[in-house]
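Open the model in your viewer and keep the selection box handy. We will go from stop to stop, picking residues as we go.

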Amino acid sequence: MNRCLPAASPDPPSSPDASSVPFLIGRLTRGVGGFTTVVAIALAIGWGGFGFGSKSADANERPNIVWIMSEDNSKHYLRHFDPDGAPAPNIEALAGRGITFDRAFSNSPVCSVARSTLISCCYAPRVGIQYHRRSKLANLSGEIQMFPAYLRDAGYYTTNHRKEDYNLVKSPDPWDDSSGRASWKNRPEPDMPFFHVETHTDSHESRLHFSAEEMRQPTETAPDSVRLQPYYPDTPTFRYTRARYHDRIGIIDRIVGKTVEDLRAAGKLDETFIFYFGDHGGVLPGSKGYAGEAGLHVPLVVYVPPKFAHLVDRPLGSRTDGFVEFVDFGATALRLAGVEVPVGIDGRPFLGPGVDRQAVDARDETVGYADRFDEKYDLVRTLRQGKWKYARNFEAFLPDGLQNNYRYKMLAFAQWRRMFEAGKLNDVQSQFFRAKPVETLYDLEADPHETKNLAGDPRHAERLERMRGRLTQRLKGWPDLSFFPEAVLVERALDDPIGFGKRQAERIGKLIDTANLALLPADEAIEPIRRALGDDDPWVRYWAVIASTCRRDPPTTLRSAVERLADDEEPLVSARVAEFVALRGEGSRIEPRELLYDSIARATRETEALQMLNTAVLFDDFTDGRFEIDVARIRFGFEPKPNSEVTRRTDYFSDRH
C-alpha cells in the first residue's frame, strides 16, 4: 500500500516566542500567584506587548471575548439575515449595538471540520483536518497551536463549554477549562480577562430527527407560514420540519439573551465582545454536509462593548458585505486582545487595532471544502467571489444524495429520496439525486438557491475560466492534501501534515492537473489522459481514471486504456476502474461488481475499504438495479472495527435488501 510515497521526515518544531511579553506574563501569572503579577509587569513595561500602549495600566484594560455558537444553522433561518427566517430579537438587539457581517462563511459544512478550521485558523485540507469523522488526528503542534493557547499565555482565562470535536491533536494548554462546568465566572481573579466559548445544540440536526408520531405535536411557527426552498417538494413533512426548525432558532435566541443578561448582571457586558454565529450551515436536507450556500453561509453578529468601541472602526448597528471566513475568527480574537497573530496561520483579523475597515469591506473571496462526512465520500471545492459562486466537483458522478445513514434519519430527507425514486420531483428538486456537473457557476443575486448552472453559458465563459483558474491556484498554493486518498494521508502524512504538504507540493500540483483533465474538450484531453493512465505514480493513474469517469462520453480508445488498470497494484485504482466500467463502459467484458469485490478484498485498512464501499453504494442505489450489491460477497483483508463507518456501510446493504 502506498509504495510510491517517500517516508516522512519531520520539520523543525516551532513554538510561541518565549521571550514575548504576553508569553512571559501568562507563564508568570500561573507560577507566581495571581494576576497582580501582570499588573506589576505591565506598569514596568507600559504593556506595549499587548498593543494598547502605556495607557493600559491594568488587566481591566483588555476586553473580554465571548463566542456563542449555535449548531447547524445557516444564515437563511434568521430574519435578521433573510426575510424568510425566524425572528430573533436578542440577536437583533446585539446587532443594534454591534456589527452584522452579511457575508460570513464556515469554509466547511460540517461540525468537526468547521471547528477544526476555527481552532487552528487554517484551511483544513492544507493541514489534514478535513475528514468528518477523523480516522486519525492530525498533529500540528510542531508549527501551529490552537489559538486560545496564545490568549492563555497572554494572561486570559480561557474556557470552552463544552464541545470540542477537533480533528487535530490538542496543543498544550489551550483551555483553563473545557468541560460541562466551564464558565468565565470561574476565573481565579475577578479582574482577569477571559475568552469563553459556548456551543448550543438546540439547533442541531438531531433536533429534527422526530418520528411520524411526534409530528402530531404543534409548532409555535405555523407550517403554512414558512417558505420552502425551491429544491424541496412542498409537502406537509417539509413544512412541519422547517416550522419546527424556526422554533429551535427561537430557543437559541433566548439562550443568547440569557448569556447577555449574565454578563450584564456581573458588570462585564460593557467590556465584553460577543460573537454570535452558527458553527456551519444547515440543517434541512441537502445543507449540512454539502458545499452549497446553505451549508457554508453562516450568520455572524459581533456586539461591541462601549468600553472598547475605540478598538473597532465601525459605527454601531452597521452592516458589512466584506467576506470573513472561519480561518479569520481566531486571528480576530487575538487582535482584539492585543495578542500578536502568529505566523503560519491562514486567517486575517477583521476587527481590532490596525485593521483597515475599507480593506475588510473590500474582501470578496471565500473558499469551501467538502470531503468525507461520516461514511460518505466526495471531493468538492468551492470559490465565491462577490455574488458569483464556482464549484468544482472532482467526483462529479457521485450524487449528493448518496447514502449517509445519519442524514437520512430525518423524515424529510427520507421522503425526498422516496419521491425521487417514484418520479414525483421536478428537475430542480431532482438535482440532489443525480450526477453533478464537473463544474458549476451561479449568480447568487439572481439565483440564491443555486439552481441554474451558468457554466455552459458562453456569456459567462470568461468568468468561468477566471474562477476555475483562481480555485486551482488556491488549491495548489495550500497545497490541498485531499488529492491523495485518505488512506495515504493516515499512513504517511498526519503525523506532520504541514511538512508533508510542503514536501509533496509539486506532486499534488500534478494530481490536481490530472483531475482537471476532466474539464478539457475531448480532442484535447485524450492524449494527456492516456499518458496519465500509464504514469508510474499510482495516484496520477487514480485521478486519470476518475477524470475519465467524469467525462460522460469517453472515446472507445480511452475505455480500453482505463480497463487495462483493472489489475492495478493499488486496489483503490482498480476500484475506480470498476466505477468507470459501471458508468461508462457499456459493452465491456469486465463485470464491475466482481472487480469491486476483488478490490475490496485487497484492502488492508478501514479508510481504504471505506472509500471502495462508497462506490458499492453508488452501484446499489444509482445504477437502476443493474449492479445491485450482494453484501455476502464483500470480504476485507482486515477485521473491521465494531460500529465503524465500514460496518455502517455493510449494515446499510443488509437493511436495504
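Start with the lining of the largest cavity: seven of its residues are nonpolar, two are polar and six are charged. This is a predicted model. Select Tyr131, Tyr377, Asp378, Ser482 and Gln611, the residues nearest the centre of the largest cavity, out of 15 that line it. The volume of this cavity is about 120 Å³. How many cavities of 30 Å³ or more does the structure hold? The count is eight.

**Stop two: the second largest cavity**

Now select Trp67, Met69, Arg115, Leu118, Ile119, Phe147, Asn160, Lys163, Tyr166, Trp175 and Val197. Together they line the second largest cavity. Two elements give two or more residues each to this lining: β1 (64-70) and α4 (111-120). Which of the elements gives the most? Colour α4, which contributes three residues. By class, the lining has eight nonpolar residues, one polar and two charged. The volume of the second largest cavity is about 90 Å³.

**Stop three: His196**

Select residues 194-200 to show strand β6, then pick out His196 within the strand. Is His196 buried or exposed? Its relative accessibility is 3%, so His196 counts as buried, the cut-off being under 20%. Show the side chains of His196 and Glu198. A polar contact of 3.2 Å joins them. Next, leave out residues up to four places away in sequence and see what else His196 touches. The list is Ile65, Val66, Trp67, Thr159, His161, Ala182, Ser183 and Trp184. You have met Trp67 already, in the lining of the second largest cavity.

**Stop four: Val256**

Go to helix α7, residues 236-265, and pick Val256 there. Val256 counts as buried because its relative accessible area is 0%. Which residues is Val256 in contact with, leaving aside neighbours within four places in sequence? Show Ile68, Ile91, Leu94 and Tyr276. Then draw a line from the C-alpha of Val256 to the C-alpha of His200. The line spans 9.7 Å, while the two residues are 56 places apart in sequence.

**Stop five: the cysteines**

How many disulfides are counted here? The count is zero. Take Cys121 as a case. The nearest cysteine sulfur belongs to Cys122 and is 6.7 Å away, and Cys121 is in no disulfide. A disulfide is a covalent bond between the sulfur atoms of two cysteines. Cys121 counts as buried because its relative accessibility is 1%. Now jump to Cys550. Cys550 is buried too, with a relative accessible area of 7%.

**Stop six: two helices**

Select residues 326-336, helix α9. This helix is mostly covered, with 10 of its 11 residues buried. Among the buried ones are Phe326, Val327, Asp328 and Phe329. Further along α9, Gly330, Ala331, Thr332, Ala333, Leu334 and Leu336 are buried as well. Step just past the end of α9 to Gly338, which takes a positive phi of about 80 degrees.

Move on to residues 505-515, helix α16. Its buried residues are Arg507, Ile508, Gly509, Leu511, Ile512, Thr514 and Ala515. What covers them? The cover includes β14 (388-393), α13 (461-477), α17 (522-533) and α18 (538-550). Keep β14 on screen for the next stop.

**Last stop: the pockets**

Show the surface and look for the largest pocket, with a volume of about 740 Å³. It is lined by 39 residues, and Gly292, Asp400, Gln431, Tyr442 and Glu450 lie nearest its centre. Colour α8 (293-296), β13 (380-385), β14, α12 (427-430) and β15 (439-443), the elements that give two or more residues to this lining. β14 gives the most, with three. The lining divides into 17 nonpolar, 13 polar and nine charged residues.

Finish at the second largest pocket, of about 510 Å³. Select Lys75, His76, Asp82, Leu444 and Pro448, the residues nearest its centre among the 24 that line it. How does this lining divide by class, and how many residues are charged? Seven residues are nonpolar, five are polar and 12 are charged.

Methods
Residues numbered from 1 in each chain as written. Predicted model: local features only at pLDDT ≥ 70, side-chain atom pairs only at ≥ 80, totals over all residues. Heavy atoms only, no water. Helix = DSSP H or I, 4+ residues; strand = E, 2+ residues; numbered from the N terminus. Buried < 20%, exposed > 50% of the residue type's maximum accessible area, 1.4 Å probe, protein only. Polar contact = N/O pair within 3.5 Å; in protein donor to acceptor, adjacent residues only side chain to side chain. Contact = heavy atoms within 4.5 Å. Disulfide = S-S within 2.5 Å. 1 Å grid on protein atoms, 1.4 Å probe; cavity = no way out; pocket = protein on both sides within 12 Å on 5 of 7 lines; lining within 4 Å. Points joined across faces, edges and corners; volume = space filled by probe spheres on them. Nonpolar A, V, L, I, M, F, W, Y, C, P; charged D, E, K, R; others polar.
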